Amino acid sequence: MAESICRALRDGALQGEHAPALTIKDSIASPFGFHVFTHLLTQLSSNILAAKSQSRGLVLVALSRSPSFYLDLLNRIGIDVASSQKWIEILDCYTDPLGWKDALLASGNGGSLSNEASTGASLCRNVKDMDKLYSSIIELGKGIVEQGKVRFCVAIDSVNEILRHASISSVAGLLSNLRSNDRVSSIFWLSHSDLHEDRVTAVLEYMSSMVASIEPLNQSANGHRCNWESLPLLERNYWKGKFHVRFKRRNGRVRVMSEEFHVEQSAINFRSISSEDEIVNRSLLPKVQFNLQLSEKEQIDWAKELVNPFKFMMFGDHLRMARVKQNLFLLEYCRQMRTLARAR
């Protein structure tokens, strides 16, 4: 199922349609959304370098991690960081998101900024301005792809950081503009659902064509419920969970798929739901039996009590029609006698 998401982001948008958008949401009960985000990021990067993707470039909006973190991540999986500028651009919204450090430097009261400029990232000093943020993303994307119909992908590592400084309506406008831009191939972002109200999460899901939810396993293999809070932190990091994805099709239908994931250190692995869990789920369902066959005695009793409703209605209709005709005749007779009485 994770491969289906990677294919959808890789294939990109069709002509005349919006770019596919993915919302990755997690919660404190299963805080592995960033692992899924980096997994999709590395898979899409490999497809771009192998020329297997519709997009020929990637614009990464770094809000929760520094640009150097992502460059080290790509370097660990074997992607040459030195040549990364040819296909990737990082918009640094992490170092100085509100321009405070720059103001301190201008007044001479602050130290130096962290040395993120050496990574080649473009610095964003005002994440409150959605129009400027949109323009920066589009300009960076146009700078790494050729002119024409070549597209690029957009990845936002934390929508929650933007929502700290902007309203949900302005953030929804930013995402909608990115999806409708003809240079954007696909877009995906990460959201921590328990940091905002349900209506905020609903808006983000509405803006998406795919929604990936990371949830904990409610039951263990033997069918007993697992108390997540009682587990040590080390065991939590190696715990399994469920990965639910909703695909919105073009005909309006929704396709729901599920699988398991297993986090080991910084890597995340996906697999189909095990047969043991399927047996547990089936055993938890109530067993309801329906006996649709009648015994010989019940069939005889039903035959005795059964009455043909059509025959009964036909016989009753004759009597009813005779009474209606008689009433109509009496009514007409009364009207005529009333007319004669008035004439006299």
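**A friendly note on the predicted model**

1. Let me start in the sheet: S7 and S8 run antiparallel and are joined by seven bridges. Within that pairing, Glu-215 stands opposite Lys-242 of S8. Please keep in mind throughout that this is a predicted model.

2. Now the wider view. The protein chain has twelve helices and ten strands. Of its 344 residues, 38% count as buried. If we take contacts between residues at least 6 apart in sequence, 74% of them join residues at least 24 apart.

3. How are the strands ordered in the sheet? The ten strands form an open sheet with mixed pairing, and the order is S4-S3-S2-S5-S6-S1-S7-S8-S9-S10. Its edge strands are S4 (122-123) and S10, each of which pairs on one side only.

4. For a parallel pair, look at S2 and S5 (residues 151-156), which are joined by five bridges. One partnership to find on screen is that of Leu-60 with Ala-155 in S5.

5. S8 (240-248) deserves a residue-by-residue look. Its covered face holds Gly-241, Phe-243, Val-245 and Phe-247, while Lys-240, Lys-242, His-244, Arg-246 and Lys-248 make up the uncovered face. Lys-242, on that uncovered face, is the residue that Glu-215 stands opposite.

6. On to the other partner of this strand: S8 and S9 (residues 254-264) pair in the antiparallel sense over nine bridges. Arg-246 has Val-256 of S9 as its bridge partner, and Phe-247 has Arg-255. The hairpin of these two strands has five residues between them, and there Gly-252 takes a positive phi near 95 degrees.

7. S9 then pairs with S10 (residues 267-271), again in the antiparallel sense, over five bridges. Here Phe-261 stands opposite Phe-270 of S10.

8. Which residues of helix H8 (residues 198-206) are buried? They are Val-200, Thr-201, Leu-204 and Glu-205. Viewed down the helix axis, the buried residues of H8 fall within an arc of 135 degrees, so they line one face of the helix. As a reminder of the geometry, an α-helix has 3.6 residues a turn, so residues three or four places apart point the same way. Asp-198, Arg-199 and Tyr-206 are exposed on the other side of H8.

9. What covers the buried residues of H8? The cover includes the strands S1 (21-26), S6, S7 (210-216) and S8, together with the helices H6 (159-163) and H7 (168-180).

10. Ser-191 gives a closer view of one of those strands, since it lies in S6 (residues 184-192). Why does Ser-191 count as buried? Its relative accessibility is 3%, and the cut-off for buried is under 20%. Leaving out residues up to four places away in sequence, Ser-191 touches Ile-24, Lys-25, Asp-26, Asn-160 and Leu-204. Leu-204 is also one of the buried residues of H8.

11. The loop between H2 and S2 holds two residues to inspect. Ala-51 is found in this loop, and its phi is near 60 degrees, a positive value in a residue other than glycine. For context, most residues other than glycine have a negative phi.

12. Lys-52 lies in that loop too, between H2 (33-49) and S2 (55-62). Is Lys-52 buried or exposed? At 58% relative accessibility, Lys-52 counts as exposed, the cut-off being over 50%. Apart from its neighbours within four places in sequence, Lys-52 is in contact with Arg-10 and Asn-47. Its C-alpha atom is separated by 9.9 Å from that of Arg-7, although the two residues are 45 apart along the chain.

13. Finally, the pocket you may want to open up in your viewer. The largest pocket has a volume of about 700 Å³. It is lined by 21 residues, and those closest to its centre are Pro-20, Ser-209, Lys-248, Arg-249 and Arg-250. The lining divides into eight nonpolar, five polar and eight charged residues.

14. Where does the lining of the largest pocket come from? H1 (2-11) and S8 each supply at least two of its residues. The largest share, four residues, comes from H1. Lys-248, among the residues closest to the centre, belongs to the uncovered face of S8.

Notes. Residues are numbered from 1 along each chain as its sequence is written. This is a predicted model: local features need pLDDT of at least 70, side-chain atom pairs count only at pLDDT 80 or more; totals for chains, interfaces and linings use all residues. Side-chain values use heavy atoms; hydrogens and water are left out. Buried means under 20% relative accessible area, exposed over 50%, partly exposed in between (1.4 Å probe, protein chains only). Contact means heavy atoms within 4.5 Å. On a 1 Å grid over the protein atoms alone, a cavity is a set of points where a 1.4 Å probe fits but cannot get out, and a pocket is an open set with protein on both sides within 12 Å along at least five of seven lines; lining residues have an atom within 4 Å of a point. Grid points are joined across faces, edges and corners, and a volume is the space filled by probe spheres set on the points. Ala, Val, Leu, Ile, Met, Phe, Trp, Tyr, Cys and Pro count as nonpolar, Asp, Glu, Lys and Arg as charged, and the others, Gly among them, as polar. Two strands pair if DSSP finds at least two bridges between them. The arc is that of the directions from the helix axis to the C-beta atoms.
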